[in-house]
Amino acid sequence: MTTSTSGTDETAVASYAPSAEFSAQANAGAELYAAAEEDRLGFWAEQARRLHWHTPFTEVLDWSDAPVAKWFADGELNVAYNCVDRHVIDGHGDQVAIHWEGEPGDSRDVTYADLLADVSQAANTLTELGLVSGDRVAIYMPMIPEAIVSMLACARLGLTHSVVFAGFSATALRSRIDDAEAKLVITTDGQWRRGKPAPIKDTVDEAVDGAASIQNVLVVKRTDSDVAWTDGRDLWWHETVAKASKEHEAQPFPAEHPLFILYTSGTTGKPKGIIHTSGGYLTQTSYTHHNVFDHKAGKDVYWCTADIGWVTGHSYIVYGPLSNRATQVVYEGTPNSPDEHRHWNVIEKYKVSIYYTSPTLVRTFMKWGKEIPEAHDLTSIRLLGSVGEPINPEAWRWFRDVVGGGTAPIVDTWWQTETGAIMISPLPGVTATKPGSAMAPLPGISAKIVDDDAKPLGNGGNGYLVLDEPWPSMLRGIWGDMDRYKDTYWSRYAEEGWYFAGDGAKYDDDGALWVLGRVDDVMNVSGHRISTSEVESALVTHHSVAEAAVVGAADDTTGQGIVAFVILRAGEENTGDALIAELKAQVSKEISPIARPREISIVPELPKTRSGKIMRRLLRDVAEGRELGDVSTLVDPKVFEAIKKGR
Ligand code: WT7
C-alpha cells in the first residue's frame, strides 16, 4: 500500500505502510519504542528476562571500563541450555528445530529432544578430550547439523568457538587457529558442492601442520571421501561423539564469559578476531529475532540462508532462532544445485514463512528470471528480510512482489559482525518501509549520523553512522589486541565516546535512515567483507608482483567487484592472460575464492600523492569507467594514460 511520496531525489520514494492485518498479529508494537525511550536500561533488563538465568542479574550495564561494556555482569546463564534444554523441559522436545536439506537431496529433521541428545554427546566428548572452559575450538564445516551441534556443545561447556567459513583457504584457517591458539578443530571429510564432493579435511591437514596449539582434529563423515589420517590427533565423530553418553548437565557461566571469536576484515591486512560474550549477546539476538522477524514459536518455519561461517549464521541461524524455539530450515548447498528452483522447492516443501537473505542473492534470482519463483507456491511466506549490503529499490520491489506476493513486509536489517545483532531495521507491523532504507534504530538502540566534526545531522543530512550508546550484543574487543579495538572503533569520535561503524549514511527528508556503504578501505562483495589491503597483500606474495592496489568497483549483481592494479617487478615478463589467471589463483589460495579479483590490470605505475599514498578514489573512477576526479594532488597526472592502456 502506497501512503506517501515526497521530494525529488531517488530516496524520496513511496513508503509502504504495514497492513492492519499484519499489525494486529505482530509481536512488536509502537509501545516498544516508547518503553525504550523512557527507560533504556530497564527496557534491556526486561528483554534479558526472555532468557533463563541460573543466577539472576541485579546490574544491567557497567560502562565504567568503556569502551569495554559489561552487561548483566553478576548474572549467570548457560547459552546452550537457553537454546535447547529449556524448550525440552517446557514440553517441546518433539518440535522440529532443524529441517535440514543436504545438497545431494538427503534430508533430516532434528527435534529439540534430538538436539539436546546430540549436544550432550558432543559436550561429553569435548570434555573427555580435556577441553575446559575458556579454551578455544575452531570449527571449519559445511552447513550440516553437526556444525550447529558443535557450536552449542562449545557454548554449553564455556569453550569459546571460532567458526571459520569453510570456503577460506588453509592459509587463512591457519592464521585464525594460531591467533586464537585453538586446541581443537572440528571439521568434515568433505563437502558437497554442485553435486560433487569437495575436500575439506585436506585443507585442515595443511592448515594444522605444525600448528603448536592443536591437539586434536574431530572429523564428521559427510562425503565418505578418502582422507589422510594422523593417528593420535585425528578422531572420527561417529566413533567418539556418536558413542558418548546422551546425558550432560549444563553448568552456568557468568554473563560476560566469552562465547565466540569471529574473524572479520578490517582496513589492514590482518583479520580482527571480534569477541562476543554470553548474556548480552543472547539477549539482543533473541529480542531482535522475535521482534524484527515477528517470529512465532511452533507456528513459523524460518529460513536464514546465511552460512554459519559469518555472523549472520551465528546470530540468526544458531543463537537467536534457537533461543526462541524456532523451527528452521538449514540448507547445505548453493541456490542453483541441482537447478535454479532449489530455494523455491525448499520453501514449498517446508512451507517456509520467514525468509532472510542477501541483496546479492535477490539480484541473482532477478537475473535468473521471475518465471522460476512464479512456478512455485510461495504463499506460505509472510515476511522477508535482507542483510549484508544496501538493497537497491528495484531489488527490494522485486523481492516483495515476486517472492512476497506483493504483501510481505521486508525488513532491511543493518548490523555488523561487531554489533552482534540487528541494530537498524523497520519493525514489521509498526514501521512504514521505503525500498532501500533500513528506516530507524530499533527500540533500545541509539544511532546518529554525524559530520567530520561530530555535529549530528538532521533530515537531508549525509555523513557517518555512529552508535552513541552501548548495546548488549556489542563486541567486547579484538582478540589479543585491545589497542586495535580502541583505535579502530573509538578513536574517530573519542571525545564524544561514540562507536564509529565505518559506514556512510543519510536521513532523507522524511527522516528515514539510508545506509550508503563503507567509507573505509573495506569492500563488500556479495555481502562478504573483504579489505583492500588483504587482497593487496595476497597479490604481492606472487613472485612477479612488486606492488598492488585494489578497489571495490560497483557491480550489478554482487554490489561491489574486486578490481586490482598491479605493477610487476623489474625483469618479470608480462604474459598477459596467463599471468592474470595465476594472480587470481594466488588470491584464492591465500584468502578464499570469494576474494578473487573480478579484474586485474597490469600497469606500469600507480597513482600516488606526494606523500606516497595510493589514490584509490581515482582508481575507482578508472575501474567504474568514469571521468577522472581531481588529479591535482598527484605526483604525475600522466600515469593515468599508461594505466588506461594497461586495461
Ligand atoms: C557491513 C558489515 C550484518 C551481517 C552481515 C555483514 C554492510 C550490512 C547492511 C544493510 C546496508 C549493510 C555495512 C556494514 N551492511 N547490512 N542492511 N544495509 N549495508 O556483516 O561482514 O560484519 O559487514 O555490511 O557496510 O558495515 P559484516
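**Burial and contacts in a predicted model**

Histidine 542 is buried, with a relative accessible area of 4%. The structure examined here is a predicted model, and this residue is a good place to start a tour of it. Histidine 542 sits in the loop between helix 16 and strand 28, the latter spanning residues 545–555. What does histidine 542 touch, leaving aside its neighbours within four places in sequence? Its contacts are Leu579, Glu582, Leu583 and Gln586.

An unreviewed UniProt entry lists Val540, His542 and Val545 under the heading "binding site". Valine 540 belongs to helix 16, which covers residues 532–540. Is valine 540 buried, partly exposed or exposed? With a relative accessible area of 34%, valine 540 is partly exposed, because buried means under 20% and exposed means over 50%. By the cut-off for burial, the 4% of histidine 542 places that residue among the buried ones. Once neighbours within four places in sequence are set aside, valine 540 is in contact with Val545, Ala546, Glu547 and Ala548. One of these partners, Val545, is also listed by UniProt in the "binding site" record.

The next stop is the ligand. Which of the 17 residues around the ligand come nearest? They are Asp412, Thr417, Asp503, Arg518 and Arg529. Some of the atom pairs can be followed one by one. Aspartate 412 places a polar side-chain atom 2.7 Å from a nitrogen atom of the ligand. For glycine 388 the backbone is involved instead: one of its polar backbone atoms is 3.1 Å from a ligand nitrogen atom. In the case of aspartate 503, a polar side-chain atom lies 2.5 Å from an oxygen atom of the ligand. On its own the ligand would expose 560 Å², and the protein buries 95% of that area. Two or more residues of the surrounding shell are given by each of helix 10 (311–323), strand 20 (410–413) and strand 25 (513–518). Sorted by class, the shell holds 6 nonpolar, 6 polar and 5 charged residues.

Helix 10 deserves a closer look. How many of its residues are buried? The count is 13 of 13, so helix 10 is largely enclosed by the rest of the structure. Just after helix 10 comes arginine 325, which takes a positive phi of about 55°.

Burial can be followed in other helices too. In helix 3, made up of residues 40–48, the buried residues are Arg40, Phe43, Trp44, Ala45, Gln47 and Ala48. An α-helix has 3.6 residues a turn, so residues three or four places apart point the same way. The buried residues of helix 3 pack against helix 2 (31–38), strand 2 (70–71) and helix 9 (279–292).

Lysine 201 is part of helix 8, which runs over residues 201–208. Is lysine 201 buried or exposed? Lysine 201 counts as buried because its relative accessibility is 0%, and burial requires a value under 20%. Not counting residues up to four places away in sequence, lysine 201 touches Thr188, Asp189, Val219, Val227, Ala228, Trp229, Arg233 and Asp234.

Alanine 375 offers a contrasting case. Alanine 375 lies in the loop between helix 13 (371–374) and strand 19 (383–387). At 54% relative accessibility, alanine 375 counts as exposed, since the cut-off for that label is over 50%. Along the chain, alanine 375 and serine 19 are 356 residues apart, and their C-alpha atoms are separated by 26 Å.

Methods: Residues are numbered from 1 along each chain as its sequence is written. This is a predicted model: local features need pLDDT of at least 70, side-chain atom pairs count only at pLDDT 80 or more; totals for chains, interfaces and linings use all residues. Side-chain values use heavy atoms; hydrogens and water are left out. UniProt positions are given in the numbering used here, feature names are shortened, and annotations may be inferred rather than shown by experiment. Helices (H or I, at least four residues) and strands (E, at least two) are DSSP runs, numbered from the N terminus. Buried means under 20% relative accessible area, exposed over 50%, partly exposed in between (1.4 Å probe, protein chains only). Contact means heavy atoms within 4.5 Å. A residue is near a molecule or strand if one of its heavy atoms lies within 4 Å of it. A polar contact is a pair of N or O atoms within 3.5 Å; within protein, one must be able to donate a hydrogen and the other to accept it, and residues adjacent in sequence count only if both atoms are side-chain atoms. Accessible areas come from the Shrake-Rupley method with a 1.4 Å probe; for residues, only the protein chains shown count as cover. Ala, Val, Leu, Ile, Met, Phe, Trp, Tyr, Cys and Pro count as nonpolar, Asp, Glu, Lys and Arg as charged, and the others, Gly among them, as polar.
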